[in-house]
Each structure stands twice: as C-alpha cells, then as structure tokens.
Protein chains: 2
Amino acid sequence: MTPIEIALQEARAAAARGEVPVGAVVTDAAGTVLSRAGNRVEELHDPTAHAEILALRAAASLRASPRLPDCTLTVTLEPCPMCAQAASFFRVKRVVFGAYDPKGGGVEHGARIFNAASCHHAPDVIGGMREGECADLLRAFFVARR
Amino acid sequence: MTPIEIALQEARAAAARGEVPVGAVVTDAAGTVLSRAGNRVEELHDPTAHAEILALRAAASLRASPRLPDCTLTVTLEPCPMCAQAASFFRVKRVVFGAYDPKGGGVEHGARIFNAASCHHAPDVIGGMREGECADLLRAFFVARR
C-alpha cells in the first residue's frame with residue numbers, strides 16, 4: 001500500500017470509532033512506515049489528538065529524536081494550523097495531503113502557517129492526493145451524523 | 001500565588017531541567033488551578049510538548065471534556081501558532097501571556113492565529129503580563145547556553 005492508502009485506512013478506522021475520519025502516516029526516505037494514526041479526539045477528550053500529531057509524536061518517539069528531517073507526513077485532510085506548525089517543529093521534509101479544507105485548513109487556507117513569519121521550517125507541500133476519496137469519506141461521515 | 005506567578009514557577013523549573021523556560025497554568029472561572037506545566041520538549045523528544053499543550057491536555061483530562069469554555073490559559077510567553085490553535089480548539093475563554101515573541105509567536109505576530117479565517121473560536125487575549133520577568137528568564141537561559 002502507498003502512504004495515502006494507509007492514511008485512508010486509518011481514516012476509515014477513525015470513522016468506525018465515531019471520530020472525524022482523518023488518517024495520517026509518517027514514512028522515512030526509503031518509504032518505510034514509521035507510524036500511522038487516526039483521529040482520536042473524542043476517545044481521548046483531547047482536541048490535540050489529531051491524526052497528524054499522534055503520528056508525528058509516535059515517529060519521533062520511535063527514533064528518540066524530536067526531528068524527522070528525512071520524513072514525509074501523509075494525511076487525508078489538509079492539516080489545520082496546529083498540525084501544520086507541529087509538522088514544521090518536527091522538521092519533516094514533506095507534507096502530502098488529500099482533501100483541501102477551506103474552512104479549517106492552515107496550509108493552503110486560513111493562517112497559511114508555512115508562509116507566516118512565525119514559521120522557520122517550511123516542508124514541501126503536495127495537496128490533492130487521492131482528493132476525491134479523502135473528501136468523500138469526510139462528506140459521508142458528516143452526512144450520516146446529521 | 002497568581003496564575004502568572006505559578007506559570008513563572010513552572011518556567012523556572014523547566015529551565016532547571018534544561019528546557020526553554022516557559023510555564024503555563026489553566027485556571028477555572030473561580031481562579032482554581034486545574035493544571036500547571038512547564039516545557040518538556042527535550043525530555044520527551046516531542047516538539048509538541050510545549051507548556052501550554054501539556055497544561056491544556058491535563059485540564060481537559062481532569063474534566064473528561066475536550067472543552068474548557070470557562071477557563072483561562074496563562075503562559076509566560078506568547079503562544080506559538082500550534083499552541084494558539086490548540087487553545088482555540090479547547091475553547092478557552094481567555095489567553096494571558098507574559099513576554100511577546102516577535103520571532104515565533106502566533107497570537108500578536110506571524111500567523112496571528114486568532115485573526116485567521118481558519119480560527120472558529122478566538123479567546124480574549126491579554127499580553128504583557130509580568131513581561132519583564134518572563135522575558136528575563138528566557139534571555140538568561142539563552143545567554144547561558146551560548
């Protein structure tokens with residue numbers, strides 16, 4: 001499976017737990033998966049428990065290092081400002097995301113974290129990877145909750 | 001002790017552990033301290049382990065609720081974009097901070113998180129509380145490390 005497929009799998013697992021379906025994976029330069037996670041905000045009563053934060057922390061913990069300069073963070077949804085800034089702090093090389101998030105996104109929208117003067121490491125960004133599938137998963141989840 | 005004095009105490013304790021001296025405290029409407037924390041980035045190999053995130057997560061965990069709508073987050077340094085967005089997600093009523101951070105701050109500088117379109121809850125903000133003491137602590141720490 002490719003990283004975005006693994007992230008999609010994590011997103012589906014999050015939906016099954018009643019969480020907003022977002023999944024993330026951290027891979028190294030060779031493409032080896034260091035960590036994978038889905039959203040656990042509800043379960044942990046913790047709005048910082050976004051998939052990206054959980055995956056980044058797990059990868060750094062595995063390496064016993066706060067920096068992941070050779071790594072790619074792949075996530076099904078455009079990261080929010082919190083997660084975008086975290087990706088910058090972890091010094092990831094690249095951020096790949098699926099669906100764009102005009103309301104809450106902080107990479108291509110809103111705070112545009114990587115373009116702000118408060119950002120001292122801007123990863124490469126690729127948006128729109130498997131966009132349709134990633135967005136459909138979110139749409140179906142919110143339709144079902146209405 | 002006032003909240004900023006408790007935060008200063010946490011910042012000094014962080015410095016003693018070799019961490020960038022930032023401390024934070026979460027208080028409820030009555031002024032009761034729900035949680036207090038200092039920076040633990042180095043210890044935990046985790047750049048998300050900022051004082052604010054640790055204190056917010058601890059307060060929410062104590063309440064078994066991801067929202068802290070009656071609470072004030074008091075911190076010795078202007079929150080970075082990650083922590084500012086987290087404070088918004090936790091729905092805190094107020095953010096009080098000590099020293100301004102023109103380089104990395106995300107409230108009055110840089111990404112200005114609470115003013116961005118990606119921010120759906122903007123806490124009240126009071127900056128510059130015991131600014132001199134808070135800034136001196138950081139300055140002394142970085143001078144000693146040079």
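Of the 146 residues of chain A, 54% count as buried. Keep in mind while reading on that this is a predicted model.

**Chain A as a whole**

Let's start with the overall build. Chain A contains 5 helices and 5 strands, and reading from the N terminus the elements come in the order α-β-β-α-α-β-α-β-β-α. Its C-alpha atoms fill a box of roughly 40 × 30 × 30 Å along the principal axes. How does the radius of gyration of chain A fit with a compact globule? For 146 residues, such a globule would come out near 15 Å, and chain A has 14 Å, so the two agree. As for how the chain folds back on itself, take the contacts in chain A between residues at least 6 apart in sequence: 58% of them join residues at least 24 apart.

**Strand 4 of chain A and its neighbours**

Strand 4 of chain A is a good place to zoom in. This strand is mostly covered, with 5 of its 6 residues buried. On one hand, strand 4 of chain A runs parallel to strand 3 (residues 72-77) of chain A, and 5 bridges join the two. Within that pairing, Val95(A) of strand 4 has Leu73(A) standing opposite. On the other hand, strand 4 of chain A also runs parallel to strand 5 (residues 124-126) of chain A, this time joined by 3 bridges. Here Arg94(A) faces Asp124(A) of strand 5, standing opposite it.

What handedness does the β-α-β unit made by strand 3, helix 4 and strand 4 of chain A have? It is right-handed.

**The sheet in chain B**

Over in chain B, an open sheet of 5 strands has the order 2-1-3-4-5, and the pairing is mixed. Which strands stand at the edges? They are strand 2 (33-38) and strand 5 (124-126) of chain B; each has a single partner strand, so one side of each is left without a neighbour in the sheet. On average, neighbouring strands of this sheet are turned by 15° against each other, direction ignored.

Strand 1 (residues 23-27) of chain B pairs with strand 2 of chain B in the antiparallel sense, over 5 bridges. One pair to look up there is Gly23(B), whose bridge partner in strand 2 is Gly38(B).

Helices lie against this sheet too. Helix 3 (residues 51-63) of chain B lies across strand 1, strand 2 and strand 3 (72-77) of chain B, and runs at about 150° to strand 2. Helix 5 (residues 131-145) of chain B packs on the sheet as well, touching strand 3 and strand 4 of chain B, with its direction at about 60° to that of strand 4.

**An arginine with a positive phi**

Most residues other than glycine have a negative phi. Arg91(A) goes the other way: its phi is positive, near 60°. Arg91(B) likewise has a positive phi of about 60° although it is not a glycine. Here are the two residues side by side.

| Residue | Where it sits | Relative accessible area |
|---|---|---|
| Arg91(A) | loop between helix 4 (81-89) and strand 4 (94-99) of chain A | 23%, partly exposed |
| Arg91(B) | loop between helix 4 (81-89) and strand 4 (94-99) of chain B | 24%, partly exposed |

**A histidine in a loop of chain B**

His109(B) belongs to the loop between strand 4 and strand 5 of chain B. Is His109(B) buried or exposed? With a relative accessible area of 19%, His109(B) counts as buried, because the cut-off for buried is under 20%. Leaving out residues up to four places away in sequence, His109(B) touches Glu78(B), Tyr100(B), Asp101(B) and Pro102(B).

**How the two chains relate**

Finally, the pair. Chain B is superposed on chain A by a rotation of 180° with 0.0 Å of shift along its axis, at an RMSD of 0.0 Å. That is the relation of a two-fold axis. Which residue of chain B has the C-alpha nearest the axis? It is Met82(B), at 2.0 Å from the axis. The same surface serves both copies, too: 100% of the contact residues of chain B recur in chain A.

How values were computed. Residues are numbered from 1 along each chain as its sequence is written. Chains are lettered from A and ligands numbered from 1 in the order in which they are written. This is a predicted model: local features need pLDDT of at least 70, side-chain atom pairs count only at pLDDT 80 or more; totals for chains, interfaces and linings use all residues. Side-chain values use heavy atoms; hydrogens and water are left out. Copies are superposed by least squares on the C-alpha atoms of residues with pLDDT of at least 70 in both. Contact means heavy atoms within 4.5 Å. Helices (H or I, at least four residues) and strands (E, at least two) are DSSP runs, numbered from the N terminus. Buried means under 20% relative accessible area, exposed over 50%, partly exposed in between (1.4 Å probe, protein chains only). Two strands pair if DSSP finds at least two bridges between them. Axes are lines fitted to C-alpha atoms, for helices over the stretch in contact, and angles run from 0 to 180 degrees between N-to-C directions. A crossover is right-handed if, with the strands pointing away from the viewer, the path from the first strand over the helix to the second runs clockwise. The radius of gyration is taken over C-alpha atoms; the globule rule is 2.2 Å times the number of residues to the power 0.38.
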